Number of protein chains: 2
Amino acid sequence: MPTSNNNPAPPAHMSPDDFRRHGHAVIDYLADYMQRVEQLPVLSRAQPGDIRAALPPHPPTTGEPFEQIFADIDTLIMPGITHWQSPNFFGFFPANSSGPAILGDLLSTGFGIQGMLWATSPACTELETHVLDWLADMLALPQQFKSTSTGGGVIQDTASSSALCALLAARERATGLTSNDTGIDGTFTCYTSNQAHSSIEKAVAIAGIGRNNLRLIETDTSFAMNSEALHRAVEDDIAAGHTPCFVSATLGTTSSAGIDPLHAIGDICKAHNIWLHVDAAMFGTAALCPEFRAMHDGLEFADSYCFNPHKWMLTNFDCDCFYVADRAALIRTLSVLPEYLRNAATESGAVFDYRDWHIPLGRRFRALKLWFVIRHYGITGLQQHVRYHVALAQQFSQWVRDHDDFELLVDPLFTLVCFRHKAGDTFNEQLLHALNATGKLYLTHTKLRDQYTLRMSIGATHTKLRHVQAAWKLICDTADATA
Amino acid sequence: MPTSNNNPAPPAHMSPDDFRRHGHAVIDYLADYMQRVEQLPVLSRAQPGDIRAALPPHPPTTGEPFEQIFADIDTLIMPGITHWQSPNFFGFFPANSSGPAILGDLLSTGFGIQGMLWATSPACTELETHVLDWLADMLALPQQFKSTSTGGGVIQDTASSSALCALLAARERATGLTSNDTGIDGTFTCYTSNQAHSSIEKAVAIAGIGRNNLRLIETDTSFAMNSEALHRAVEDDIAAGHTPCFVSATLGTTSSAGIDPLHAIGDICKAHNIWLHVDAAMFGTAALCPEFRAMHDGLEFADSYCFNPHKWMLTNFDCDCFYVADRAALIRTLSVLPEYLRNAATESGAVFDYRDWHIPLGRRFRALKLWFVIRHYGITGLQQHVRYHVALAQQFSQWVRDHDDFELLVDPLFTLVCFRHKAGDTFNEQLLHALNATGKLYLTHTKLRDQYTLRMSIGATHTKLRHVQAAWKLICDTADATA
């Protein structure tokens with residue numbers, strides 16, 4: 001093919017000096033945003049199509065000045081933002097951000113490296129391995145999850161991807177290392193509680209095992225998996241000719257923060273050689289504090305574990321830490337080595353190539369932000385963060401208990417308070433919409449015991465006592481006005 | 001569980017003023033990095049374990065000053081960086097960065113929003129849909145890939161994930177929408193060329209189809225898939241009782257930039273109702289220029305298409321644009337809707353919830369960086385970028401042709417030049433190691449026709465004629481010294 005230009009020249013890139021100038025402006029904008037986010041309506045008021053309708057139908061033919069592009073953030077984008085970093089954000093689970101995380105991530109973006117292989121930037125791989133070993137100790141995880149033992153950790157985008165990778169390794173082990181080559185024949189069964197995250201169902205579908213072969217095990221009154229019911233389901237499946245291959249236990253379910261009993265589940269998995277994955281996406285962070293580690297009792301039985309610093313450990317999305325006890329099993333499952341990726345370091349066997357630990361090939365240098373966060377706060381600072389939010393949730397729960405019109409659905413262990421007004425489902429749904437329409441806070445809901453339930457999820461980086469106090473007052477006042 | 005602290009208080013967060021100060025310092029550091037990266041050794045000289053050995057064995061108990069953390073970037077991290085943004089980086093494929101992309105991504109990081117649902121930040125979804133429609137027009141993709149028709153685009157992390165999502169939708173369609181529920185039974189077959197990316201093999205394994213059911217179709221002298229051979233393989237599989245379900249065609253293979261003949265392949269897929277995925281990860285960007293769009297002839301037969309602005313379109317990793325012609329098929333495959341994600345906008349059907357378009361649930365606001373890039377450069381600026389690098393590669397190829405000791409393995413269409421010294425495999429391998437050891441450039445290799453081949457991959461953002469000239473001189477001088 002011909003080139004159409006006889007005197008080609010590069011386009012007008014942003015010069016380092018212009019980058020410096022515009023970069024300072026963006027930093028200033030974000031510093032201001034941190035200060036004013038508390039005053040903004042938490043939930044975006046945009047209606048479907050509003051944001052798009054304000055955008056030009058065609059891309060510009062020639063480049064535009066940065067000032068003009070940047071100015072459109074306020075006019076075109078800001079109206080469509082739901083402010084996850086508002087201290088009044090109590091929806092879903094938090095997506096923590098912090099100054100050190102933002103700046104660590106900025107360095108990663110600026111370096112623009114791609115860490116698919118050890119050789120494509122050794123620091124990207126080795127810092128990640130090292131910091132994940134630090135974190136294993138900080139959470140008091142069993143030694144087998146450390147890279148200095150038989151396992152190791154890797155940063156994934158989300159707990160959904162970690163669950164999928166764990167399931168694939170489980171499938172490969174259960175099929176005697178044949179599923180990757182010959183596919184599977186539908187006789188495998190998987191288990192998780194009926195409160196577990198939807199990502200488990202998604203993973204079972206993706207892996208070709210089929211959602212019909214996922215058993216949703218019943219839970220007890222605190223929404224924890226009933227291990228007796230798990231035991232019966234496994235035995236029934238074996239009797240029916242199935243091969244149980246994967247159990248996902250949850251430490252902190254999305255709906256209600258249920259904590260599955262790892263020790264009892266682990267006994268069953270060990271007896272039947274079933275891969276045990278532990279999804280501690282939200283509440284793994286609590287294990288930074290020794291007084292909250294009881295949930296890890298039995299973790300020595302687990303084959304894999306994940307938790308998300310991007311939820312409640314002050315590290316910007318995306319940052320899910322995924323650990324395996326037997327890294328060889330994971331690598332064997334996900335490794336493909338074409339000629340164009342061969343290199344001396346890989347052949348030596350002395351390095352990790354993290355592309356073999358997850359689905360994508362390319363990868364960002366995500367360990368930088370995590371390293372910055374751990375060093376900025378230190379172990380005690382992170383513990384203080386956890387304890388403060390747990391104390392706020394305990395305080396909120398007590399207010400609910402003490403109020404005649406409201407009730408708790410379950411006693412909260414950590415920072416998720418599931419509660420409802422006693423006036424019934426319709427009232428609670430109206431209450432939620434009325435609250436969110438004020439813009440002063442954002443709550444989401446779930447159903448527990450078939451009842452519409454409000455979720456007060458405390459955990460945004462800058463949520464303090466006064467925000468929780470104001471939220472409770474608004475909830476009570478709005479309920480009174482709605483009644 | 002009790003809280004262990006009777007007077008809890010939040011930890012010491014970085015204040016907005018400190019963020020402003022440290023943020024300016026990081027921006028300045030990156031502006032300086034842009035200027036000095038050209039002088040740094042391209043390939044990191046770290047040996048396995050070097051970086052880790054310099055890190056403290058334990059995380060800090062208390063927080064450290066930001067200045068101290070930041071200073072360690074130079075001492076501990078920089079020695080382990082391979083400089084993908086050096087204009088002397090000619091390895092693998094490029095991972096383009098640019099000022100507007102870095103600043104757009106910084107805003108995304110600073111906002112800290114999570115775009116899993118339309119409702120969790122409408123701008124995150126609507127800007128992405130809109131910009132991907134812009135790009136569809138900029139590449140002159142068939143109309144069915146636009147959101148205003150039956151399809152639409154979504155940003156994925158990598159082409160590996162896009163291929164997996166395409167395969168899953170293909171599998172679900174081919175099984176009459178049963179594979180998600182009941183799993184699969186091993187009778188499905190998939191096809192790609194023997195030059196295709198390893199991610200296709202990985203996807204086929206993940207999806208439970210089995211690598212033995214992936215047919216690697218032979219290629220012609222320009223390393224393009226032989227469509228006759230594809231036709232025979234499909235017919236043979238049907239005769240043997242298999243169900244062909246997925247073909248992945250490549251526009252720009254990793255080893256040699258081979259361009260598969262879409263029209264001939266599309267005819268076969270259409271005749272047999274096989275999902276056609278087109279992986280244009282590297283060279284889709286070339287279609288910004290009308291004179292390079294011949295490779296898209298036949299794209300109207302495709303069910304899905306992806307290309308990576310994070311390779312050669314000046315948008316920082318990660319940014320893979322994935323398009324489907326029938327979005328309902330993709331959403332049906334990947335959607336799971338638990339109660340805690342239900343919301344009015346989703347129920348209305350008037351919005352996209354991008355969590356149903358990929359594997360993870362959570363997602364960053366990646367459209368911002370892409371929007372900034374398109375607006376900063378404009379269509380003509382991006383075209384200029386493409387034409388300039390193609391011209392550099394044509395120039396380099398001519399030097400190879402004109403040299404008695406070197407030969408081209410294939411005439412390059414775009415920016416990847418596959419060449420070798422005529423002195424044989426061992427000589428070329430030694431030459432490559434000698435070149436990379438200089439630190440003055442970084443090249444990688446592949447094997448073509450069983451011959452050790454050097455890959456000169458031009459495309460780093462700031463690569464100019466003088467860098468390519470210097471590279472060629474160094475290659476010739478080093479070859480002379482090695483001989």
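By what turn, and with what shift along the axis, can chain B be laid on chain A? In this predicted model, a turn of 180° with a shift of 0.0 Å along the axis lays chain B on chain A with an RMSD of 0.0 Å. That is the relation of a two-fold axis, and the same surface serves both copies, since 100% of the contact residues of chain B recur in chain A.

**The contact between the chains**

Select next the residues through which the two chains touch: the contact takes 146 residues from chain B and 146 residues from chain A. On the side of chain B that touches chain A, helix 14 of chain B, residues 367-402, gives the most, with 16 residues. If you colour that side of chain B by class, you will find 69 nonpolar, 56 polar and 21 charged residues.

**Helix 4 against helix 4**

Now select residues 99-111 in both chains, which show helix 4 of chain A and helix 4 of chain B, with axes that come within 10 Å and cross at roughly 155°. Because angles over 145 degrees count as roughly antiparallel, helix 4 of chain A is described as roughly antiparallel to helix 4 of chain B. The crossing in which helix 4 of chain A passes helix 4 of chain B is right-handed. To see what makes this contact, display A:Ile102, A:Asp105, A:Leu106, A:Thr109 and A:Gly110 from helix 4 of chain A, together with B:Ile102, B:Asp105, B:Leu106, B:Thr109 and B:Gly110 from helix 4 of chain B. By class, this contact of the two helices has 4 nonpolar, 4 polar and 2 charged residues.

**The sheet of chain B**

Move on to chain B alone, where an open sheet of 5 strands has the order 1-11-12-10-9, with mixed pairing. Strand 1 (89-90) and strand 9 (406-408) of chain B stand at the edges, each with a single partner strand, so one side of each has no neighbour in the sheet. Within the sheet, select residues 442-448 and 451-457 of chain B, which are strand 11 and strand 12; they run antiparallel and are joined by 5 bridges. One pair to label is B:His445 and its bridge partner in strand 12 of chain B, B:Leu454.

**Helices across the sheet**

Finally, bring back helix 14 of chain B, which lies across strand 9, strand 10 (416-421) and strand 12 of chain B and runs at about 15° to strand 10 of chain B. Add helix 15 of chain B, residues 425-437, which lies across strand 10, strand 11 and strand 12 of chain B and runs at about 30° to strand 12 of chain B.

Methods:
Residues numbered from 1 in each chain as written. Chains lettered and ligands numbered in written order. Predicted model: local features only at pLDDT ≥ 70, side-chain atom pairs only at ≥ 80, totals over all residues. Least-squares fit on C-alpha atoms with pLDDT ≥ 70 in both. Contact = placed C-beta atoms within 7 Å. Helix = DSSP H or I, 4+ residues; strand = E, 2+ residues; numbered from the N terminus. Nonpolar A, V, L, I, M, F, W, Y, C, P; charged D, E, K, R; others polar. Pairing = 2+ DSSP bridges. Axes fitted to C-alpha atoms, helices over the stretch in contact; angles between N-to-C directions. Parallel < 35°, antiparallel > 145°, perpendicular 65-115°, else oblique. Left-handed = near helix turned anticlockwise from the far one by under 90°.
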